[in-house]
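Ready for a few exercises? Have a look at the model below, then try each task before reading its solution.

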Amino acid sequence: MPPPYPRRPQTPPQFTGPRYNEFIQSQKVRVIDENGENLGVMYTREAFEQAQEVGLDLVEISPNADPPVAKFLDIGRFKYEAQKKANEQRKKQKTQEIKEIKMRPNIDDHDYDTKMKKVFEFIDEGDKVKVTMRFRGREMAHGELGMAVLRRVAEQTAEVAKVEAHPRMEGRQMLMVLSPK
């Protein structure tokens with residue numbers, strides 16, 4: 001019969017959020033009651049007892065202050081509202097994506113115009129655009145043709161975008177990154 005697996009030592013869960021009630025570590029705290037009035041600096045134990053009399057928790061609002069600031073609050077409600085606020089911030093946050101447009105050095109005018117429409121569309125949406133110039137075979141010997149096309153792209157988008165990464169060769173392709181102004 002094999003020996004049983006050794007148990008992991010029981011460690012308390014990591015403490016997240018503000019400290020409250022008996023978890024407050026400082027001796028003295030500046031206390032604000034449930035109505036927002038400053039009660040002054042008092043011992044943490046005394047403030048905790050006053051909070052219990054009112055039926056609320058003593059929550060450390062500003063732990064880095066000297067002395068730390070604590071307030072009479074309902075900890076469950078406080079955490080819930082903080083979580084809602086964080087979710088709202090996350091919803092409003094706009095992530096900037098990098099969209100890629102691929103071209104060839106001998107691109108025709110109509111194809112170029114179509115690609116440029118997409119470039120303007122991406123920039124209007126607030127995304128960065130990576131313009132990639134692909135070279136094949138003998139096109140590698142004529143890098144100036146690709147550079148001319150990328151310069152043309154930069155000139156056309158100068159009003160709405162700035163060149164974040166100037167054209168540079170990477171293997172068989174030339175890259176340029178545009179970002180909205």
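## Exercise 1: the sheet

The model is predicted, and in it four strands form an open sheet with mixed pairing, in the order β5-β6-β8-β7.

**Task.** Work out which strands stand at the edges and what this leaves each of them without.

**Solution.** Start with the strand order, β5-β6-β8-β7. β5 (98-103) and β7 (161-170) are the edge strands, and each has a single partner strand, so one side of each lacks a neighbour in the sheet. Next, take the twist: ignoring direction, neighbouring strands of this sheet are turned by 20° against each other on average.

**Task.** Find the sense in which β5 and β6 pair, and the bridge partner of Lys99 in β6.

**Solution.** Strand β6 covers residues 128-134, and β5 pairs with β6 in the parallel sense over six bridges. Within this pairing, Lys99 has Val129 of β6 as its bridge partner.

## Exercise 2: helices on the sheet

**Task.** Determine which strands α3 and α4 touch, and how each helix is directed.

**Solution.** Take α3 to begin with: this helix lies across β5, β6, β7 and β8 (173-180), and runs at about 170° to β5. Now turn to α4, which packs on the sheet and touches β5, β6, β7 and β8. The direction of α4 makes about 5° with that of β8.

## Exercise 3: helix against helix

**Task.** Classify the arrangement of α3 and α4 as parallel, antiparallel, perpendicular or oblique.

**Solution.** Helix α3 spans residues 109-124 and helix α4 residues 143-156. Their axes come within 12 Å and cross at roughly 45°. Angles under 35 degrees count as roughly parallel, and 65 to 115 as roughly perpendicular. α3 and α4 are therefore oblique to each other. As for handedness, the crossing of α3 past α4 is right-handed.

**Task.** List the residues through which α3 and α4 meet, then sort them by class.

**Solution.** From α3 come Asp109, Tyr112, Met116 and Phe120, and they meet Val149, Arg152, Val153 and Gln156 of α4. By class, this contact has five nonpolar, one polar and two charged residues.

## Exercise 4: the annotated spans

**Task.** Give the end-to-end C-alpha distance and the helix and strand content of each UniProt domain span.

**Solution.** An unreviewed UniProt entry lists residues 21-89 as "Translation initiation factor 3 N-terminal". The end C-alpha atoms of residues 21-89 lie 28 Å apart, and the span is 38% helix and 32% strand. The unreviewed entry also lists residues 97-181, as "Translation initiation factor 3 C-terminal". For residues 97-181, the end C-alpha atoms are 15 Å apart, with 35% helix and 36% strand in the span.

Technical notes:
Residues numbered from 1 in each chain as written. Predicted model: local features only at pLDDT ≥ 70, side-chain atom pairs only at ≥ 80, totals over all residues. Heavy atoms only, no water. UniProt positions renumbered as here; feature names shortened; annotations may be inferred. Helix = DSSP H or I, 4+ residues; strand = E, 2+ residues; numbered from the N terminus. Axes fitted to C-alpha atoms, helices over the stretch in contact; angles between N-to-C directions. Parallel < 35°, antiparallel > 145°, perpendicular 65-115°, else oblique. Left-handed = near helix turned anticlockwise from the far one by under 90°. Contact = heavy atoms within 4.5 Å. Nonpolar A, V, L, I, M, F, W, Y, C, P; charged D, E, K, R; others polar. Pairing = 2+ DSSP bridges.
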